[in-house]
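Reader: I would like a close look at a single part of this model, starting from one loop position and working outward to its surroundings. Please keep to geometry, contacts and burial, and set the part against the rest of the chain.

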Amino acid sequence: MPLQRETVARAALHLVDEVGLDSLTIRRLAAHLDIQNPSLYWHFKNKQELLNCMAELMLTDFFAELHEPEPDQDWADWLTIYARQLRNIMLAHRDGARIVAEADPSRCTFFEGFEWALNVLRHAGFDGNEAAIGIITLQNYVLGNAFEVQAHPFSLASDADEKHLPALRLSLDKERFPNVAAFLHTPALYSSPWASTQFETGLSLFLDGLRAYFAQERSNKLNGENS
């Protein structure tokens with residue numbers, strides 16, 4: 001049967017899981033699918049078009065797991081779910097954060113999630129500019145966190161990989177960098193549980209700050225109206 005764009009893009013995601021994004025080429029993907037190169041160019045003119053479709057599939061999977069807020073659901077609780085699921089989708093594939101970051105957002109479903117999240121904050125009372133800045137900052141945090149997890153040589157390390165950490169710890173000048181040295185001695189540093197805890201802590205700090213900012217802005221406007 002003729003290949004479909006989605007089938008090819010799904011195969012590309014599986015291939016990236018095996019070899020990494022830098023090693024993905026049209027020629028290698030054709031060999032992976034056991035077809036000739038020209039067959040793929042019927043679907044994608046170049047690697048960028050393929051990358052756009054791969055990102056679109058990832059985001060489609062993200063939207064399939066995301067649901068509209070319940071009528072009485074707190075906006076910050078919904079954004080917590082939004083951030084966690086977006087991160088999980090990117091971590092589900094090797095170099096997933098890079099795939100999303102390097103894709104052309106105008107040619108995928110990125111703006112659907114952006115619009116959805118904006119509506120949640122607008123409904124909660126944020127004005128348009130506040131909502132946009134809040135969502136952009138949140139998405140940048142999630143993307144940056146996922147990228148750091150996938151790019152760091154020790155991130156998501158198994159217990160067996162802990163042998164690499166002592167060399168990193170011993171190479172640091174403890175007198176010059178006492179706080180960094182103390183941090184590097186965190187138990188299970190860069191393990192999957194540690195990375196998840198670090199993400200959750202940062203997410204809570206961001207949302208707590210956004211809530212405090214929103215409350216302060218409302219207070220300032222009320223005081224201005226009453227003065």
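**A loop residue and its surroundings**

Author: D34 has a relative accessible area of 69%, and because exposed means over 50%, D34 counts as exposed. The model is a predicted one, and every value below is computed from it. D34 sits in the loop between α2 and α3, just after the end of α2. Its phi is near 60 degrees, a positive value in a residue that is not glycine. As a general background, most residues other than glycine have a negative phi.

The helix that precedes this loop is α2, which covers residues 26-33. Within α2, the residues I26, L29 and A30 are buried. Viewed down the helix axis, these buried residues fall within an arc of 100 degrees, so they line one face of α2. The face turned away from that buried side carries R27 and A31, both exposed. As for what the buried face meets, the buried residues of α2 pack against three helices: α1 (5-19), α3 (37-41) and α4 (47-65). One of these partners, α3, is also the helix on the other side of the loop that holds D34.

A second residue invites comparison with D34. D95 likewise has a positive phi of about 60 degrees although it is not a glycine. D95 lies in the loop between α5 and α6 (96-102). The burial of the two residues differs in class: D95 has 15% relative accessibility and therefore counts as buried, whereas D34 is exposed at 69%.

The loop of D95 leads back to α5, residues 75-91, and from there to a helix pair. Helices α5 and α8 pack at an angle of about 35 degrees, and their axes are 10 Å apart. Their crossing is right-handed. On the α5 side, the contact is made by L79, Y82, A83, L86, R87, M90 and L91. On the α8 side, the residues are I135, L138, Q139, V142, L143, N145, A146, V149 and Q150. Sorted by class, this contact has twelve nonpolar, three polar and one charged residues.

Among the α8 residues of this contact is N145, placed in a helix that spans residues 128-151. N145 counts as buried, because its relative accessibility is 7% and the cut-off for buried is under 20%. Its side chain makes a polar contact of 2.7 Å with the side chain of R87, a residue on the α5 side of the helix pair. Another polar contact, of 2.9 Å, joins the side chains of N145 and Q198. Leaving aside residues up to four places away in sequence, N145 touches R87, Q198 and F199.

Finally, the whole chain. The protein has eleven helices and zero strands, and read along the sequence its pattern is α-α-α-α-α-α-α-α-α-α-α. Of its 227 residues, 38% are buried. Of the contacts with a separation of 6 or more, 70% are between residues 24 or more positions apart. To return to the starting point, D34 is an exposed residue with a positive phi, in a loop after a helix that has its buried residues on one face.

Notes:
Residues numbered from 1 in each chain as written. Predicted model: local features only at pLDDT ≥ 70, side-chain atom pairs only at ≥ 80, totals over all residues. Heavy atoms only, no water. Helix = DSSP H or I, 4+ residues; strand = E, 2+ residues; numbered from the N terminus. Buried < 20%, exposed > 50% of the residue type's maximum accessible area, 1.4 Å probe, protein only. Polar contact = N/O pair within 3.5 Å; in protein donor to acceptor, adjacent residues only side chain to side chain. Contact = heavy atoms within 4.5 Å. Axes fitted to C-alpha atoms, helices over the stretch in contact; angles between N-to-C directions. Left-handed = near helix turned anticlockwise from the far one by under 90°. Nonpolar A, V, L, I, M, F, W, Y, C, P; charged D, E, K, R; others polar. Arc of directions from axis to C-beta.
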